Amino acid sequence: MSGTSGDGWVEGPDGARYWGRYGAAGLLAVSPEHEVLLQHRAVWSHFGGTWGMPGGARHEDETPIEAAVREAGEEAGVPAGALTVRFTSVLDLGYWSYTTVVADAAHRFEPAVSDPESIAVAWIAIDEVAALPLHPRFAEAWPGLRDRL
């Protein structure tokens, strides 16, 4: 994709830092077996050692859905053609936003760790997600997302 990368930090008025000059997006893929695809984040990464969705910074010229699908492909080997978007959920802080893209996978594909940001990627049964050490923002969003699944 051409254009400017979304890499870089945005600092909020309270000093909190968020990754992605143009915001960020993540993909919550749902399998036909009622599982979600999660990424175990590398220890060195922001909130390392926790589980969350594959995702990352948006590029200047891409939609949140395009960013989420691209990042999931880069980080977890998610095949874009196997997804049907169900809904999006946006955390909008005014100066930065994060879009969760929830999509149904047409089939249960084999995910793959495809970059150094992941320790593992795995299908997790929906009922087992809350028992994992979750990324703090994903942990906050999970109950509402789960209710919509």
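Me: Buried means under 20% relative accessible area. This model is predicted. Are arginine 70 and glutamate 62 buried or exposed?
Reply: Both residues, arginine 70 and glutamate 62, are buried. Each therefore falls under the 20% cut-off.

Me: What makes arginine 70 and glutamate 62 a salt bridge?
Reply: Their closest N and O atoms are 2.6 Å apart. The cut-off is within 4 Å, from a side-chain nitrogen of Lys or Arg to a carboxyl oxygen of Asp or Glu. Arginine supplies the nitrogen and glutamate the oxygen, so the pair qualifies. Side chains of opposite charge can pair when their charged atoms come close.

Me: How many salt bridges does a search of the whole structure find?
Reply: The search finds seven. One of them joins arginine 108 to glutamate 35.

Me: How do you know that arginine 108 and glutamate 35 form a salt bridge?
Reply: Look at the distance. The closest N and O atoms are 2.7 Å apart. That is within 4 Å, so the pair counts.

Me: Why does that pair tie together distant parts of the chain?
Reply: Arginine 108 sits in the loop between S8 and strand S9 (118-125), while glutamate 35 is in strand S4. These parts are 73 residues apart in sequence, so the salt bridge ties them together.

Me: Why is glutamate 35 called buried, and what is arginine 108 called?
Reply: Glutamate 35 has 12% relative accessibility, so it counts as buried. The cut-off is under 20%. Arginine 108 has a relative accessible area of 40%. Exposed needs over 50%, so arginine 108 is partly exposed.

Me: What makes aspartate 127 and arginine 146 a salt bridge?
Reply: Their side chains meet at 2.6 Å, N to O. The pair links distant parts of the chain. Aspartate 127 lies in the loop between S9 and H2, and arginine 146 in helix H2, 19 residues apart.

Me: Why do aspartate 127 and arginine 146 get separate labels for exposure?
Reply: Aspartate 127 reaches 62% relative accessibility. That is over 50%, so aspartate 127 is exposed. Arginine 146 has 34%, so it is partly exposed.

Me: Which residues do salt bridges with shared partners join into one network?
Reply: They join Glu62, Arg70, Glu71 and Glu74.

Me: Where is the kink in helix H2?
Reply: The kink lies at tryptophan 142, shortly before proline 143. The bend there is about 45°. H2 covers residues 136-148.

Me: Which residues of H2 are buried, and what covers them?
Reply: The buried ones are Phe138, Trp142 and Leu145. An α-helix has 3.6 residues a turn, so residues three or four places apart point the same way. The cover includes strand S3 (24-30), strand S4 (35-41), strand S5 (51-52), strand S7 (83-92) and strand S8 (97-105).

Me: How do you know that leucine 145 is buried, and what does it touch?
Reply: Leucine 145 has 3% relative accessibility. That is under 20%, so it is buried. Leucine 145 touches Leu28, Phe87, Ser89, Thr100, Val102 and Phe138, leaving aside residues up to four places away in sequence. Take threonine 100: it is 45 residues from leucine 145 in sequence, and 9.1 Å away in space, C-alpha to C-alpha.

Me: Why is threonine 99 called buried?
Reply: Threonine 99 is in strand S8. Its relative accessibility is 4%, so it passes the under 20% test. Among the residues that threonine 99 touches are Ala24, Pro64 and Val90.

Me: Why is histidine 34 called exposed, and what is its phi?
Reply: Histidine 34 has 57% relative accessibility, over the 50% limit, so it is exposed. It sits in the loop between S3 and S4. Phi is near 65°, a positive value in a residue other than glycine.

Me: Why is phenylalanine 47 called partly exposed?
Reply: Its relative accessibility is 33%. That value is neither under 20% nor over 50%, so phenylalanine 47 is partly exposed. Phenylalanine 47 lies in the loop between S4 and S5. It touches Arg41, His135, Pro136 and Arg137, not counting residues up to four places away in sequence.

Me: What lines the largest pocket?
Reply: The lining has 37 residues. Ala24, Arg41, Trp96, Tyr98 and His135 lie nearest the centre. H2 gives the largest share, five residues. The lining divides into 17 nonpolar, eleven polar and nine charged residues. The volume of this pocket is about 970 Å³.

Terms used. Residues are numbered from 1 along each chain as its sequence is written. This is a predicted model: local features need pLDDT of at least 70, side-chain atom pairs count only at pLDDT 80 or more; totals for chains, interfaces and linings use all residues. Side-chain values use heavy atoms; hydrogens and water are left out. The bend at a residue is the angle between axes fitted to the seven residues ending there and the seven starting there. Helices (H or I, at least four residues) and strands (E, at least two) are DSSP runs, numbered from the N terminus. Buried means under 20% relative accessible area, exposed over 50%, partly exposed in between (1.4 Å probe, protein chains only). Contact means heavy atoms within 4.5 Å. On a 1 Å grid over the protein atoms alone, a cavity is a set of points where a 1.4 Å probe fits but cannot get out, and a pocket is an open set with protein on both sides within 12 Å along at least five of seven lines; lining residues have an atom within 4 Å of a point. Grid points are joined across faces, edges and corners, and a volume is the space filled by probe spheres set on the points. Ala, Val, Leu, Ile, Met, Phe, Trp, Tyr, Cys and Pro count as nonpolar, Asp, Glu, Lys and Arg as charged, and the others, Gly among them, as polar.
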